[in-house]
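Student: Could we go through a structure together? I have a few short questions about its helices and cysteines.

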Amino acid sequence: MFAITSIGFPLFALLLVPLWYRTAPARRWCVMLAASGVFYLSIDPPGLPLLAAATAVVWLAAKRLNPEPAGRAKPRFWLAVGLAAALGPLLALKYSGVVYAPFRGLWQPLGLAYFSLQLISYLVDVYRGQIGPEPRYSRLLCYAACFLSITQGPFSRYDQLMPQLAAPTAFVPARFYSGVQRMAWGYFKKLAVADRASVVVAAVFAAPADFDRSQLLFVMALYVLQLYADFSGYTDIVLGTGEMLGLQLPENFRQPFFAVSIKDFWQRWHISLSAWLRDYVYIPLGGNRRGRLRKYGNLLVTFLVSGAWHAGMLTYLVWGALHGVFQIVGDATAGLRGSVVRRFGWERSRLRRAFRCLFVFFLVSVAFVFFRAPDLAAACRFLQGILCSPGHAVFSEYWRIGLISRLDLLLLLTGVAIVLAVELIHAKGVSLRRWVAARPRPVRWMLYEGAIFTFLLMGQFLSGGSFLYARF
């Protein structure tokens, strides 16, 4: 009923705003807990008891991780108990099918992979002494079940989110309108770009042998753009909702297609997951403190964990391994590349930067073939088709890639161009929302009406597609 792709969610958010600001700041976490409960129950009622039980065990374990007197070790037993409670459902429901085939396709509660990692971050932060244990179970449940992150993130840290719920923020119309605009932009990305692109991507990945090289290359790039429009569109919707409530949630994307290296890409793509993996996997493994070889091993393990977190399938491990290898090779050759660049005076070359962005996009696109393909054999067939299939008919035979008219192709390409143009403007340091807000009222309303018309023209409102990352 209140799924973010449904018409019910904007209404849910609009009804929540007046209730939020009419509630005393000290009690707003109760409103968030109630809203999150309604949101969760409307989508996956059986999952809520599991979330509540895992949170209860983590809460009890964290209360026993208070700093011990000098000379005594912290009770690692309770850390293990809490980690087992947070990871147990994830391992049992998501990965048991890898070990025992009949368990494949087991029910997975909403947000399983997300609330598991958030509970782990809370527990580990308490164990490290970075935050104190939460005395009230209901407040920890509010954090774990927060509807702004339970579906697809972004991952929030306990000490970042919970204090904001009690902040004495007042309703600010300009902030509210800005949040609505960000939500609308997220829905445009999802409905006008991602859902339209999904038709093409699904058709080609279902039978890659039926398509020529240009069509496969086109769809390989299009899938990355589809995934970005889908995932960042969701993020814009929930961050816009948070902005309406006066909450500042972590940014999850920062113009990833302008990355000049794989390391730079992961500082721009799914930023909150990258930060979680850095703080709770890479650094505990030793980070870069124990020599170059150990650093590269830690990087590879971290990316393998990232792949395994997405799904218990070999394709995701290959996807993670490729990103790890790409980053290791990039780091190992940085000195050589730097000396060549300095020798030829290319430090400030725009052409060089553009080439690096395109090269990184190509590497990312190749890796995402494994992310999208149902198995390794299908991924290899797709890449083999790029290398071996002749022909260049991607635009002349558009109907063969799932489209039915030239208008469909035009709308798809226009949507992609709009998203990339906005990304370029933001990369230049210009905020379109602030720019629009600074225009005279007649200009603003003209822009709003143009945006609404474009959205209604290009949106796929009856597609009924869920967000891609919701299945993780």
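Tutor: The conventions come first, then a helix pair, the cysteines and a loop residue. This is a predicted model, in which local features need pLDDT of at least 70, side-chain atom pairs count only at pLDDT 80 or more, and totals for chains, interfaces and linings use all residues. Residues are numbered from 1 along each chain as its sequence is written, and side-chain values use heavy atoms, with hydrogens and water left out.

Student: At what angle do helix 1 and helix 9 pack?

Tutor: Helix 1 (residues 8-22) and helix 9 (residues 173-206) pack at about 160°, and their axes are 13 Å apart. Helices here are DSSP runs of H or I with at least four residues, numbered from the N terminus. Axes are lines fitted to C-alpha atoms over the stretch in contact, with angles from 0 to 180 degrees between N-to-C directions.

Student: Which residues meet there?

Tutor: Phe9, Pro10, Leu14, Val17 and Tyr21 of helix 1 meet Arg175, Phe176, Met183 and Tyr187 of helix 9, where contact means heavy atoms within 4.5 Å.

Student: New topic: how many disulfides are there?

Tutor: The count is zero, a disulfide being a pair of cysteine sulfur atoms within 2.5 Å. For Cys142, the nearest cysteine sulfur is that of Cys146, 6.4 Å away.

Student: Is Cys142 buried or exposed?

Tutor: Cys142 is buried, with a relative accessible area of 1%; buried means under 20% relative accessible area, with a 1.4 Å probe and protein chains only. Cys146 is also buried, at 1%.

Student: And where is Gln255?

Tutor: Gln255 is in the loop between helix 10 (213-244) and helix 11 (262-266), and is buried at 15%. Not counting residues up to four places away in sequence, Gln255 touches Arg268, Glu423, His426 and Ala427.

Note on methods
Helices (H or I, at least four residues) and strands (E, at least two) are DSSP runs, numbered from the N terminus. Buried means under 20% relative accessible area, exposed over 50%, partly exposed in between (1.4 Å probe, protein chains only).
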